[in-house]
Amino acid sequence: MDKNKIILVTGGARSGKSTFAENLLKHSDDVLYIATSIITDEEMEDRVKKHRSRRNSNWNTYEGYFDLDNVLEKYSNKYILLDCVTIMTTNLMFSLGNNLEEVSMEEIDKIIVKIKREFDKLIKKARETNKTLVMVTNEVGLGVVPAYKVGRIFRDVAGFVNQYIGNLSDEVYLICCGQSLKIK
């Protein structure tokens, strides 16, 4: 795989996104895996356990979702795998918004700008340090309109962030039924 590429892998839940992204980097032990999830319940704990067991044991792992540009400075790995953009966006969204049920559209716009800035900093640092960055995200815009305000806010914020990252990426892959389609 070429160095200094930004790659976005998107698709629905359980479509095979993470496996596809991991397979892009399976040729190398020189990978930093950035896990953005926070274990909040047994279901998330089980998901994390499955991801860990599947992952190359020689890869470095960093768990977190904020100021990831600074994290890249601390690791010398050539390849970075961030899983996942959607969870990182959710974590940032809830850390930036007090009560999302009551936020104004103006406040949501400010949250989107701040989240985009986090990805800007990460992508810029990956390019500056000549690293390949592979990011996994969920395509959240193909379903029904969520019935609750927070669900609609989440869908919109995640959609805008995905568009933004997709435009900054060198390659974008859509995963469906375990199959990949290169769309950029």
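Which residue just after helix 5 takes a positive phi? I looked there first, and Asn 130 is the one, at about 60 degrees. Note to self: this is a predicted model.

**Helix 5**

I stayed with the helix that comes just before Asn 130. Helix 5 runs over residues 105-128, 24 residues in all. I checked its span: 34 Å from first C-alpha to last, close to the 34 Å expected at 1.5 Å a residue.

Then I pulled its buried positions. Ile 108, Ile 111, Ile 112 and Ile 115 are among them, and so are Phe 119, Leu 122, Ile 123 and Ala 126. I also noted that Glu 118 and Lys 125 are on the buried list. What covers these residues includes three strands, namely strand 1 (6-11), strand 4 (79-83) and strand 5 (132-138). Helix 3 (68-74), helix 4 (85-96) and helix 6 (149-168) are also included in that cover.

**Helix 6**

Next I went to helix 6, which is part of the cover over helix 5. Its 20 residues should span 28 Å at 1.5 Å a residue, and I find its end C-alpha atoms 29 Å apart, which agrees.

The buried residues here are Val 150, Ile 153, Val 157, Ala 158, Val 161, Asn 162, Ile 165 and Gly 166. Looking at what covers them, I get a set that includes helix 4 and helix 5, plus strand 1, strand 5 and strand 6.

**Largest pocket**

How much space lies in the largest pocket? I get about 790 Å³. It is lined by 30 residues, and Arg 14, Arg 47, His 51, Asp 83 and Ile 87 are the closest to its centre. I listed the elements that give two or more residues to this lining: helix 1 (17-24), strand 2 (31-35), helix 2 (42-54), helix 4 and strand 5. Helix 2 has the largest share, with eight residues. Sorted by class, the lining comes out as 11 charged, 10 polar and nine nonpolar residues.

**Second largest pocket**

For the second largest pocket I have about 250 Å³. Of its 16 lining residues, Thr 10, Glu 139, Gly 159, Asn 162 and Gln 163 are the closest to its centre. I had already logged Asn 162 as one of the buried residues of helix 6.

Which elements give two or more residues to this lining? I found strand 1, helix 6 and strand 6 (171-176). Helix 6 gives the most, six residues. By class I count seven polar, five nonpolar and four charged.

Key:
Residues are numbered from 1 along each chain as its sequence is written. This is a predicted model: local features need pLDDT of at least 70, side-chain atom pairs count only at pLDDT 80 or more; totals for chains, interfaces and linings use all residues. Side-chain values use heavy atoms; hydrogens and water are left out. Helices (H or I, at least four residues) and strands (E, at least two) are DSSP runs, numbered from the N terminus. The expected span of a helix is 1.5 Å times one less than its number of residues. Buried means under 20% relative accessible area, exposed over 50%, partly exposed in between (1.4 Å probe, protein chains only). Contact means heavy atoms within 4.5 Å. On a 1 Å grid over the protein atoms alone, a cavity is a set of points where a 1.4 Å probe fits but cannot get out, and a pocket is an open set with protein on both sides within 12 Å along at least five of seven lines; lining residues have an atom within 4 Å of a point. Grid points are joined across faces, edges and corners, and a volume is the space filled by probe spheres set on the points. Ala, Val, Leu, Ile, Met, Phe, Trp, Tyr, Cys and Pro count as nonpolar, Asp, Glu, Lys and Arg as charged, and the others, Gly among them, as polar.
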